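Thanks for asking me to look this one over. My comments follow below as numbered points, so you can take them one at a time with the structure open.

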Amino acid sequence: MTTTLAIFQLLILLIIFNFCKVINAKLYSDQFVVQIAGGSHVAKKIAKDHGFTYLGEMHDNYYHLQHRSITKRSIEKSLTHHELLLNDSRVKKCSQQIIKKRVKRDLLTHTIDLNDPKWPEMWYLNRGKGLDMNVEAAWAAGATGKGVVVTILDDGLEKDHPDLIHNYDPAASYDINDKDFDPHPRYDVVNTNRHGTRCAGEVAASANNSLCSVGIAFDAHVGGIRMLDGEVTDAVEARSLSHNFQHIDIYSASWGPDDNGKTVDGPSEHALYAFKEGVEKGRNGLGSIFIWASGNGGREWDNCNCDGYTNSIWTLSISSATENGLVPWYSEACSSSLATTYSSGSTGERQVISTDLHHGCTSGHTGTSASAPLAAGICALALDANPNLTWRDMQHIVVRTAKPENLFARDWATNGVGRNVSHSFGYGMMDAYAMVKLARIWTSVPEQKICEMKGLNINQLILPRNHATATLIVNCGNVKYLEHVQAKLTISATKRGDLHIYLTSPMGTKSTLLAQRPPDSSRSGFDNWPFMTVHMWGESPNGVWKLEIFNDGRYGGRAMLKEWNLVLYGTSENPDDLIFKKDKNSHIRHHNGGLLEQEHHAHESRRSYDRDPYVRVPNVVTFLNKETVMNDHLSLSGADKNQDSMLENLEHNHAIHSVINQVILLISFFVITLINCVHFSN
Ligand SMILES: [Ca+2]
Ligand SMILES: [Ca+2]
Ligand SMILES: [Ca+2]
Ligand SMILES: [Ca+2]
């Protein structure tokens, strides 16, 4: 047996040796470089005499010739043709050209190959053609969420999930429901508490570990605040929103008041304080980033401006689009939504893939719940690119980079500074790569200024099927470039759901502050409710503002505009000037070029952020040293299990076992020699 094997090994060696000889060999082309004295007409004559095609003159009497009867890729030199040329007295020298291996250095942004089994199905990250969130290009640019901490405010987090354990951050976690440091969810038969674990996986499931899915910020730390599996109070919310706020960068929340189309509710005293403290003092003064799901009350005619969490200027509110770019059936339209990420839609449209309870994996995560964590992951990539972004910088970057293309809504409009905006999609689909690029050249926006004006035309009665108009001439000295706009309205109404309210800016942007909500029969009206719109972002606030309140009520259903205030947030300097000043300065530092050239660059980048001197895209994305967490549930496929049991049985038979060992040895030997020989050939 041993002798046979030895002979077999020898044979294999011989085959490998010959194979190596072949793959190491030079490949000759059908082209020659020939030195000929006397000029190109002589060279042409020689080519013709010996059956060559004259391709052209090179330099110093060298000419490029080709012969059709020579094989294009040959391991042997054509001695016949050498002889033909060298025997001609007019030829001084000749050499047959060798084929060289050259590779294109283009960016492989859409061919990232990850071994996570669900990766090929993650359509919203990898389907290309402008129909995903451009996350692969952000990864290729080096942004993967390194050093960024995200926490999920929800019903718990399965911290030992094999696809989450690597990025799990105890310092970003807490259990407010059970008053301990372990946010592990409570299990029940219907998996009520799977929400938080699903959201966490969207942000930071490990990449390339052969398990489940890929988080958008797969190098970020992720924690969970367990706060929804119990009574939610103002104190519970406040403690969740402010937990470890010097450590946590991004809070992702996919919950809020009832989406029943008749609730008007928001944060109370302590939660408001937590938001304010967070944006002012969190992240060492840069401000906590609160990402909020806009709500799932579409079917109930709900309006996210009646939800004080999404309607807040401190939260970055995210809506959803379906696989086909449509407004999902559950979506709520409102003027405070800033941008959109993909999520589920109708039957037949795909859903979001993520980690699930019991170390599982789901392809069925849905609603705006799934959208907010995707946005949190994208914001984590932007923070990886620039950790100094403030909470307002992040909103500015989203406004400037979100893409309206391929999103279908009837209400797309262009605001006074040329930005497209919709009540269903905000400024459009988030674009991770565009955010990362802009984050890298971003200079923090100037201090937030506030201009508050008391509305006129108050105590106006609005009869049924009628409307009231109020105008206000604004002349703000401190706010020249708008960010958020709030209209704080006190309105009484026989039926609150009959009201629809519009605010038009001096630059002509008309924003729907409230649409009709048929289920809302409340007689409470609105008491100083701060309706918010982001649609005037970048506009000048100065001029005439118009507020219109329509009352669709019948049979004596009256309403009254009792009081209103306009609160205008923004900056006195143009944030764009600062960005491009830095961009210009970077040219001074990097290129040390003349002033005119710098000016030119600065203006070019005003049109397109692609001219970013900071972006250095690596050629290859590597996923090195990724820990592969083994877990019975997920990692062993059926085939692997069968092979394991087969090998166990074979252990009983020593003879067969040793043969297998020899064969394995031989194959390893073969592979190693082959690798060496390929390596050597390069
Ligand atoms: Ca616990
Ligand atoms: Ca994974
Ligand atoms: Ca809602
Ligand atoms: Ca908001």
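**Notes on the predicted model**

1. Let me start with a loop residue: serine 335 sits in the loop that connects strand S10 (315-321) and strand S11 (339-342). Please keep in mind throughout that this is a predicted model. Although in a loop, serine 335 counts as buried, because 30 C-beta neighbours fall inside 10 Å and the cut-off for a buried residue is 20 or more.

2. What surrounds serine 335, leaving aside its neighbours within four places in sequence? Its contacts are Asn305, His423, Ser511, Thr512, Leu513, Met532, Thr533, Val534 and His535. Serine 422 is also worth displaying: 87 residues separate serine 335 from serine 422 in sequence, while their C-alpha atoms are 7.8 Å apart.

3. For the chain as a whole, I would quote 15 helices and 24 strands. Of the 682 residues, 46% are buried. Among contacts with a separation of 6 or more, 78% are between residues 24 or more positions apart.

4. Next, the record. The unreviewed UniProt entry lists Asp154, His195 and Ser369 under "active site". These residues are spread over 216 residues of sequence, yet they cluster in space, with a largest C-alpha distance of 10.4 Å.

5. Where do two of these residues lie, and are they buried or exposed? Aspartate 154 belongs to strand S5 (residues 149-154) and is classed as buried because 29 C-beta neighbours lie inside 10 Å. Histidine 195 belongs to helix H6 (residues 195-204); histidine 195 is buried too, with 23 other C-beta atoms within 10 Å.

6. The contacts tie this group together nicely on screen. Not counting residues up to four places away in sequence, aspartate 154 touches His195, Gly196, Cys199, Gly224, Leu228 and Ser254. With the neighbours within four places in sequence again left aside, histidine 195 is in contact with Asp154, Asp155 and Ser369. Histidine 195 therefore touches both of the other residues that the UniProt entry lists for "active site".

7. A figure of the four-stranded sheet would help. Its order is S2-S3-S1-S4, the sheet is open, and the pairing is antiparallel. Strand S2 (53-57) and strand S4 (91-98) are the edge strands; each has a single partner, so one side of each has no neighbour in the sheet. From one strand to the next, the twist averages 30°.

8. Within that sheet, strand S1 (residues 28-36) and S4 run antiparallel and are joined by six bridges. Isoleucine 36 faces valine 91 of S4. Helix H3 (residues 79-86) packs on the sheet, where it touches S1 and S4, and its direction makes about 160° with that of S4. Helix H2 (residues 40-49) lies across S1, S2, strand S3 (62-66) and S4, running at about 160° to S2.

9. Finally, a helix pair. The axes of helix H7 (residues 234-242) and helix H8 (residues 269-281) come within 7 Å and cross at roughly 10°, which means that H7 is roughly parallel to H8. On the H7 side, the contact is made by Asp234, Ala235, Glu237, Ala238, Leu241 and Ser242. H8 contributes Glu269, His270, Ala271, Tyr273, Ala274, Phe275, Glu277 and Gly278. By type, the residues of this contact are seven nonpolar, three polar and four charged.

Key: Residues numbered from 1 in each chain as written. Chains lettered and ligands numbered in written order. Predicted model: local features only at pLDDT ≥ 70, side-chain atom pairs only at ≥ 80, totals over all residues. Pairing = 2+ DSSP bridges. Helix = DSSP H or I, 4+ residues; strand = E, 2+ residues; numbered from the N terminus. Axes fitted to C-alpha atoms, helices over the stretch in contact; angles between N-to-C directions. Contact = placed C-beta atoms within 7 Å. Parallel < 35°, antiparallel > 145°, perpendicular 65-115°, else oblique. Nonpolar A, V, L, I, M, F, W, Y, C, P; charged D, E, K, R; others polar. UniProt positions renumbered as here; feature names shortened; annotations may be inferred. Buried ≥ 20, exposed ≤ 12 C-beta atoms within 10 Å, placed from the backbone.
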